[in-house]
Each structure stands twice: as C-alpha cells, then as structure tokens.
Amino acid sequence: MTQEIEIGMGKSGRLCYSLDDVSIVPSRRTRDPQDVHTSWQVDAYQFDIPVIGAPMDSVMSPQTVIEMGKLGALGVLDLEGLWTRYEDPSDLLNKIPQIPDNQVTRYLQQIYSEPIKADLITRRLHDIRDAGVIVAGALTPPRIQEFYSTVLDAGVDLFFIRGSAVSAEHVSVSHEPLNLKKFIYELDVPVIVGGAGSYHAAIHLMRTGAAGVLVGLGGTAVSSSRSITGIHVPMATAIADVAAARKDYMEESDGRYVQVIADSGLGNSGNFVKTFALGADAVMMGDPLARASQAPAHGSHWGHEATHEDLPRGRRTQFSPVGDLKEILYGPSHVADGSMNYIGALKRAMASVGYVNLREFQKCPLIAAPYETH
C-alpha cells in the first residue's frame, strides 16, 4: 500500500525512501559469517560475489575488467568510452584529476567527441576474453543499432543496455526507435537493461525478455540530473518496487526469474548491504571502485551524462584512494567509514540476521526512519 501526501492543494505525491532512510532489523537467529554464501547467477554465468563494475571510464578499463573477473565479480566495459575511441587513452585519463572544476566539463566534451571505432571495440573485447574471464560490454540505447553487430561478432557473454532512464517503449517522430523486445529476442546472449525507477517501468522491461533490470539512474555520486532535469529516484523505494515487479512477472511468465540490480546511491557498505535486503540480486558499483588504487582515472569519477555535447548532466568527483580492488571488495579494511570490505560487511549483516544466501536475505525485515539524523 503506497502512501500519498499532499504537496499542495493541486498536487499530491508518493512518500518514498532513500537507502539512508531504512535499516535492517536484527532477528532472533544468527549465523557464523563463514556459513554465509554470496554467490549469484545470470543465465549460465555464476559469480562468487554480487558485484558488477559499472561501465564507466573512471572505474573500468580493460585491465580492471579483467581484475574484477579474477576476483569473482563482473566488470563491464563501456563500449562508447575512451578505450574504444583512442588506441591508448592513458594520457587523457591521467590529465583529468589536474583540470580545474570550471574547465573539466569542456575537457570531457572535447575528448569524447572523438568517434568510436569498431575495430577498437573488437580488440578490447578480445583482450578480455583472452584473459579467461566473463566478457561483458555496455552500450546506451542511441548507439545500439550502430554497434551491436560489432559487439556480437567480437563476442560477449553478457550485454548491458544502460542509460539514465531506459523504457521498453521509446517514441520518436524523427527516427525509427529501437524495438527493445525484438532486439533482445534476436540476440543469443543475456541482456541486462536499465535504469528503471518504478514498478511499471521495470515490469515492461522484464516483458521484453531482459535477463536483468538495472534499478536507478546510475552513478548518483556524479550525476546532476536532479538539479538540471528534476529527475531523481529514491533508491530504497525503487528497489522494493522493482522486486515486486519481478515477483508479479514470475507469476505472469510461469516462473521466469529476472535479476534485479541496484545501480545508484551506494555511498558506503551499509547502503550496499541494504540493497539486498530490499530485494536486489546484485549491485552495480561505480564510486566505491573509483577509490581503488587501480582506478584508471586515479580517483576522478564521472559518468556518460557529464560528457553530453549539448546538456551535460553530470560532474567530475575526485576521490582519494583507500586501497586496491581486492581490499575494497574483500578487505581487510583499515578504515571505519564503510569504504572497504563490502563483502565482509554483507556477510556480517547476513549472519547477524540469520540468513545464509542472498535469496533468503531478501526476506529480511526492515524499518523506515526517514526523519532520523544519520
């Protein structure tokens, strides 16, 4: 049951919650953290931990994608990023942390104006496959028709369609829009698509045949969509809504299970843990991985929206390194701010409330305290 509140005499709105507004409730039963399992699976592909490296140039290079795979996670390469525009973008990435805030948007627009090269897409994906890890790449909806055949010919195991707001039905009077359902049906690989911010958006994406749905607008730490377009998704409510859509779609489709992947607003390991209690199967990580010593842009972090040639809706954020990828995911942690050992925090929380796998943990009781000071 949703709660509507009056915004003014002519408009009401739904009361929603962010991840900071909810907390996990301890139960009568506890477990040993060593007994907890954090594996998850998409189609035929199984992973040790429910973490996906976001397809952002600031966190995922071909090398960090490979490292994520070797750590039991999944890295996704941005197939519209600098690694598919330049032979070696290292010098460009090295320069970004030194650029003043009032000049960085223009610089990002400039370097991303270089055309995407199909041969570089092929080469990057081959490099990842040659390393022996699962191959995943991402395109935004406007680029799919131009490059998806290149991607498929190069060979991907998982294909991501990621945007700030992706719908199952895009209407255009100027061009033939992508038929998402037809596109997914004709592919031979599982497709994960999003972001979705509501029950209705998610269930329509599930009906296209997607193997997973991304929840959120992607990368709120570097997005300014709320201040520019007024669009925002409170993540706790959004994840719970999309999990409800998954349940209803399972009944509708005679048992087809669609992965729910949180893709925004982590901030710390506590919020990471809460996404699973709300119903997520995995989390797409951006800014936590930008703090890794191997991050390609040395702590600078930005998303696709920051590079838009007409209406940039993102910003560069600068993080200080806290440890390497393994320490951020598995520990040991040397700080008490929730920026390291995400999997240790997840296992500890699951053990504390008595659950041994992620599907069970989705049943965990929660409380909402939206007016509490955090």
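C364 is buried, because its relative accessibility is 5%. C16 has 26% relative accessibility, so C16 counts as partly exposed. The structure, a predicted model, holds 0 disulfides.

**The sheet**

What is the order of the strands in the open sheet? The 9 strands run β7-β6-β14-β13-β12-β11-β10-β9-β8, and their pairing is parallel. The edges are β7 and β8, each of which pairs on one side only.

Strand β11 covers residues 191-196. All 6 of its 6 residues are buried, so β11 is largely enclosed by the rest of the structure. One of its partners is β10, residues 158-162, joined to β11 in parallel by 4 bridges. Here F159 has V191 as its bridge partner. Another partner is β12, residues 212-215, again parallel and again with 4 bridges. V193 stands opposite V213 in that pairing.

At the β8 edge, 2 bridges join β8 to β9, residues 136-139, and the two run parallel. L77 faces G137 of β9 there.

**Helix α1**

Helix α1 spans residues 62-70. Which of its residues are buried? They are P62, T64, V65, I66 and M68. Their cover includes three strands, β6 (51-53), β7 (74-75) and β8. It also includes the helices α4 (118-130), α11 (287-290) and α12 (325-330). After α1 comes G72, with a positive phi near 90 degrees.

**Salt bridges**

Side chains of opposite charge can pair when their charged atoms come close. The whole structure has 15 salt bridges. The table gives three of them.

| Salt bridge | Closest N to O | Places in the chain |
|---|---|---|
| R143 and E80 | 3.9 Å | α5 (141-154); loop between β8 and α2 |
| R246 and D281 | 2.6 Å | α9 (235-252); loop between α10 (269-277) and β14 (282-285) |
| D281 and R359 | 3.8 Å | loop between α10 and β14; α14 (358-361) |

Each pair links distant parts of the chain. R143 and E80 are 63 residues apart. For R246 and D281 the separation is 35 residues. For D281 and R359 it is 78 residues.

Burial can be read for each partner. E80 is buried, because its relative accessible area is 5%. R143, at 27% relative accessibility, is partly exposed. Both R246 and D281 are buried. D281 has 5% relative accessibility, so D281 falls under the 20% limit for buried. R359 has a relative accessible area of 46% and is partly exposed.

E80 and R143 also belong to a network of salt bridges, together with E146.

**R85, a charge without a salt bridge**

R85 lies in the loop between β8 (77-78) and α2 (90-95). How far away is its nearest side chain of opposite charge? That side chain is E80, at 5.2 Å. A salt bridge needs the charged atoms within 4 Å, so R85 has none with E80. R85 is buried all the same.

The side chain of R85 does reach the backbone oxygen of E80, at 2.8 Å. So E80 meets two arginines in distinct ways: its backbone oxygen is reached by R85, and E80 forms a salt bridge with R143.

What else is R85 in contact with, leaving aside its neighbours within four places in sequence? The set includes I111, Y112, S113, E114, P115, I116 and K117. L120 and R143 are in contact with R85 too.

Note on methods. Residues are numbered from 1 along each chain as its sequence is written. This is a predicted model: local features need pLDDT of at least 70, side-chain atom pairs count only at pLDDT 80 or more; totals for chains, interfaces and linings use all residues. Side-chain values use heavy atoms; hydrogens and water are left out. Buried means under 20% relative accessible area, exposed over 50%, partly exposed in between (1.4 Å probe, protein chains only). Lys and Arg count as positive and Asp and Glu as negative; His and the chain ends are not counted. A polar contact is a pair of N or O atoms within 3.5 Å; within protein, one must be able to donate a hydrogen and the other to accept it, and residues adjacent in sequence count only if both atoms are side-chain atoms. Contact means heavy atoms within 4.5 Å. A disulfide is a pair of cysteine sulfur atoms within 2.5 Å. Two strands pair if DSSP finds at least two bridges between them.
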